[in-house]
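Please look over the sequence and the model below before reading on. The paragraphs that follow compare how two neighbouring parts of a chain are covered by their surroundings.

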Amino acid sequence: MFSIPLSASAQEERGPDWQMAPVPAPLEPEASPDLPTEQRIEALLEELSTASSDEVAARLERNLFREWSKSGSAAMDLLLKRGRDALEVGEVDVALEHLTALTDHAPDFAEGWHVLALAYYQDDAFGPAMDALEHVLALNPRHFGALRGVAAIQEQIGRPVLAYQAYSRVQELRPFDENVTEALKRLAPEVQGVTL
């Protein structure tokens with residue numbers, strides 16, 4: 001998954017990392033191309049939860065995001081692409097216009113809501129970002145990118161227990177995520193207490 005890099009000062013201000021604008025990688029061999037989309041997604045999620053290495057997990061994640069990025073409409077796919085492209089070059093207002101249009105016209109397209117949440121997050125609008133993340137998770141409860149966003153925001157607004165729970169769920173879905181493992185270690189003393 002690609003992400004928009006933040007400067008060191010911006011990362012310090014933001015706190016926990018949340019990947020900013022996942023985009024499908026260049027085409028890779030598809031997992032079971034003969035299966036319907038939902039079955040391919042199920043197979044990829046199952047493989048991801050038992051991935052043997054970070055490289056395998058990253059490949060599976062890219063394939064999942066490619067599947068999740070298919071709206072079924074060329075016009076909606078174009079709005080998603082334009083929103084992502086705008087985020088990549090730091091044009092948050094432009095991204096918000098495209099992504100709001102996308103979610104207005106395709107309210108059942110979870111990935112549209114996810115990228116909208118990323119745009120709001122990049123704009124430091126945590127309330128609207130959380131609202132968009134709720135839409136994602138209502139449509140796709142196993143969207144680990146959205147769960148990671150929930151965790152990062154909860155940690156930033158001082159809700160370590162909720163952050164820990166969301167990070168734990170991400171780790172179940174995608175075990176090879178160094179940032180999530182570090183976040184869980186960082187939050188554990190606060191959530192579980194310190195043993196003497």
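**Two helices and their surroundings**

In this predicted model, the buried residues of helix 7 are A129, M130, A132, L133 and V136. Seen down the axis of helix 7, these buried residues fall within an arc of 165°, so they line one face of the helix. A general point about geometry helps here: an α-helix has 3.6 residues a turn, so residues three or four places apart point the same way. The face of helix 7 that is turned away from the buried side carries the exposed residues G127, E134 and A138, where exposed stands for over 50% relative accessible area and buried for under 20%.

What do the buried residues of helix 7 pack against? They pack against helix 6 and helix 8. Helix 7 itself has 14 residues and reaches 20 Å from its first C-alpha to its last, which is close to the 20 Å expected at 1.5 Å a residue.

Helix 8, which runs from residue 144 to residue 156, has 13 residues and reaches 18 Å between its first and last C-alpha, close to the 18 Å expected. Helix 8 is mostly covered, with twelve of its 13 residues buried, and among these buried residues are F144, L147, R148, V150, I153 and E155. The cover over the buried residues of helix 8 includes helix 2, helix 3, helix 6, helix 7, helix 9 and helix 10. After helix 8 comes G158, whose phi is positive, near 80°.

Notes. Residues numbered from 1 in each chain as written. Predicted model: local features only at pLDDT ≥ 70, side-chain atom pairs only at ≥ 80, totals over all residues. Heavy atoms only, no water. Helix = DSSP H or I, 4+ residues; strand = E, 2+ residues; numbered from the N terminus. Expected span 1.5 Å × (residues − 1). Buried < 20%, exposed > 50% of the residue type's maximum accessible area, 1.4 Å probe, protein only. Contact = heavy atoms within 4.5 Å. Arc of directions from axis to C-beta.
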